[in-house]
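Walk through this protein chain one sheet at a time. The path ends at the ligand.

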Amino acid sequence: MSGKKEFHIIGAGVAGLGIGWRLAQRGHRVTVFDKGEAGKGASWAAAGMLASILESEPGEESLLPFLLEAQNLWPDFVKEISDFTGLDIGYRQTGTIFAACERDDAGILRQRYDFLQKNGVTLEWLERETVRAREPFLSPRVYSALYSPGDHQVDNRALTLALHAACLASGVTIRSHAPVSEIMSEGGHVAALRCMGDMIPAQNVVLCAGAWSAEIRGAPEVNSGNLPPVYPLKGQMLALQMDPKHPILTHVLWTPRVYLVPRKDGRLVIGATMEDRGFESLQRAGSVLHLLRETFEVLPGMEELPLAESWTGLRPSSRDDAPILGPTGIKGLSIATGQHRHGILMTPLIAGLMADYLITGKLGASARPYTLARFG
Ligand SMILES: Cc1cc2nc3c(=O)[nH]c(=O)nc-3n(C[C@H](O)[C@H](O)[C@H](O)COP(=O)(O)OP(=O)(O)OC[C@H]3O[C@@H](n4cnc5c(N)ncnc54)[C@H](O)[C@@H]3O)c2cc1C
């Protein structure tokens, strides 16, 4: 194939699979490596909220346009991947309710409302009766709420499976249980990957290893600060099972202490803690207690629901909580990580921006503030 390149991608989460699919669609040869089962990292553990609006907090103004750009790509992306694979990825456009249960919560809601309005996003302010009309099973303690009609959800596990299927159908090779232990360079250019004793020649490598991106020998280094540019931020999650014909919640629901994400099949995903505990994957009783207690506070009917699952995951967080995209100091080695708690939302945007960059050498304007060089 003339003009076509060969790419090696480290990490088969939504980032690696999304970029791999986009490259393969344009005729390039792609191999994606994963140290475990492809797609079972943070991308599996997430809640799947596409919450560019409500999840933006004071201090995150500069990231808001990037998140909104990602949000806008979702309707077309859902159609494209569903048509191509025949798979339903559980995209639900119900909007998100942010509920106040305590006196202090109302202050938090007001602050978020003012912050977003200042940044050009207007939310609906709902009084008690309106909230209860939309979600009749909420606790009577809920006395006001914000409604964000643009914050939706996708079933991130279904998304990961669909990306996997789209990659395979487009000719991408996916190697599960194939850890890359070293990225080897020669004369400032990436030259090879070491994987399970093999040395694989590689001229175009994309590092998408999520929370583990700074752990691989030969990964790009930055020389300021004590933290690596990417570190794991643990999140503990739970799921309860509702009757899908009679769900007790239909919108994504937030309080300042917990969020609840009702899936089409009645699964109620509950999250999440934010714990700086390195690569620990233990489930701790205190975290489960916190999530269940806060869920009960806002949705008392949860008491009768069966517990379906509990799990933990590691967000790939960066020093400034923004993504790390594009070139590194090593020629031929690119990076897409650091998406923190927005990596599912960012999937279509990062896949498109990175594929364009890898093919043309030009980084799109929206990705330019997010290169690794900002930490140097
Ligand atoms: C509890 C929780 C809740 C979240 N909720 C949301 C949400 O609601 N909305 C949202 O947008 N985002 C959410 N996120 C964030 C989102 O999940 C991540 O930002 C996103 O999944 C990151 O995707 P990734 O492909 O970069 O990483 P991952 O999915 O972690 O993929 C990285 C892959 O690299 C592999 N790997 C690592 N080292 C190597 C190696 N040496 N060789 C080969 N492979 C390697 C790993 O096995 C892994 O499969 C949440 C995250 C967590 C943990």
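**From the sheets to the ligand**

Start with the sheet of eight strands. This open sheet runs in the order 5-6-4-14-15-16-13-17, and its pairing is mixed. At its edges lie strand 5 (124-127) and strand 17, each of which pairs on one side only. Neighbouring strands here are turned against each other by 25° on average, direction ignored. Bear in mind that this is a predicted model.

Take one pair from this sheet. Strand 4 (residues 96-100) and strand 14 (residues 252-254) are parallel and share three bridges. Ile97 has Leu253 of strand 14 as its bridge partner. A helix packs on the sheet as well: helix 7 (residues 285-298). Helix 7 touches strand 4, strand 13, strand 14, strand 15 (259-262), strand 16 (267-271) and strand 17. The direction of helix 7 makes about 50° with that of strand 13.

Now turn to the sheet of six strands. It too is described as open and mixed in pairing, with the order 8-2-1-12-19-18. Strand 8 (173-175) and strand 18 are the edge strands, each pairing on one side only. The average turn between neighbouring strands of this sheet is 20°, direction ignored.

Two pairings in this sheet involve strand 19. Strand 12 (residues 205-207) runs parallel to strand 19, joined by three bridges. There, Val205 is partnered by Leu333 of strand 19. Helix 1 packs on this sheet and touches strand 1 (6-10), strand 2 (29-33), strand 12 and strand 19. The direction of helix 1 makes about 170° with that of strand 2.

The other pairing is antiparallel: strand 18 (residues 324-327) and strand 19 (residues 333-337) share four bridges. Leu325 stands opposite Ala336 of strand 19. Strand 18 and strand 19 form a hairpin, with five residues between them. In its turn, Gly332 has a positive phi of about 85°.

A further hairpin is built from strand 9 and strand 10, with two residues between them. Strand 9 (residues 180-186) and strand 10 (residues 189-195) run antiparallel and are joined by six bridges. Glu182 has Arg194 in strand 10 as its bridge partner. The turn holds Gly187, which has a positive phi of about 60°.

Step back to the whole chain. Its secondary structure comes to eight helices and 19 strands. The C-alpha atoms fill a box of roughly 65 × 40 × 40 Å along the principal axes. What does the radius of gyration say? A compact globule of 376 residues would have a value near 21 Å; the protein chain has 21 Å, so the two agree.

How is the chain divided into domains? The assignment gives domain 1 (6-83 + 156-227 + 319-375) and domain 2 (96-149 + 230-317). Their centres, taken over C-alpha atoms, are 28 Å apart. Across the boundary, 26 residues of domain 1 are in contact with 26 residues of domain 2. The side of domain 1 that touches domain 2 consists of 14 nonpolar, nine polar and three charged residues.

That leaves the ligand. Where does it lie relative to the two domains? Domain 1 and domain 2 both give residues to the shell around the ligand, so the ligand lies between them. There are 43 residues around the ligand, and Gly13, Gly41, Gly210, Gly235 and Gly343 come nearest. Some elements give two or more residues to this shell: helix 1 (14-25), helix 2 (42-45), strand 13 (230-241) and strand 17 (307-318). Which of them gives the most? Strand 17 does, with four residues. By class, the shell holds 23 nonpolar, 15 polar and five charged residues.

Two elements tie the ligand back to the sheets. Helix 1, which packs on the sheet of six strands, is among the elements that give two or more residues to the shell. Strand 17, an edge strand of the sheet of eight, gives the most to the shell.

Notes. Residues are numbered from 1 along each chain as its sequence is written. This is a predicted model: local features need pLDDT of at least 70, side-chain atom pairs count only at pLDDT 80 or more; totals for chains, interfaces and linings use all residues. A residue is near a molecule or strand if its C-beta atom, placed from the backbone, lies within 6 Å of it. Ala, Val, Leu, Ile, Met, Phe, Trp, Tyr, Cys and Pro count as nonpolar, Asp, Glu, Lys and Arg as charged, and the others, Gly among them, as polar. Domain bounds come from an automatic or database domain assignment. Two strands pair if DSSP finds at least two bridges between them. Axes are lines fitted to C-alpha atoms, for helices over the stretch in contact, and angles run from 0 to 180 degrees between N-to-C directions. Two residues are in contact if their C-beta atoms, placed from the backbone, lie within 7 Å. The radius of gyration is taken over C-alpha atoms; the globule rule is 2.2 Å times the number of residues to the power 0.38.
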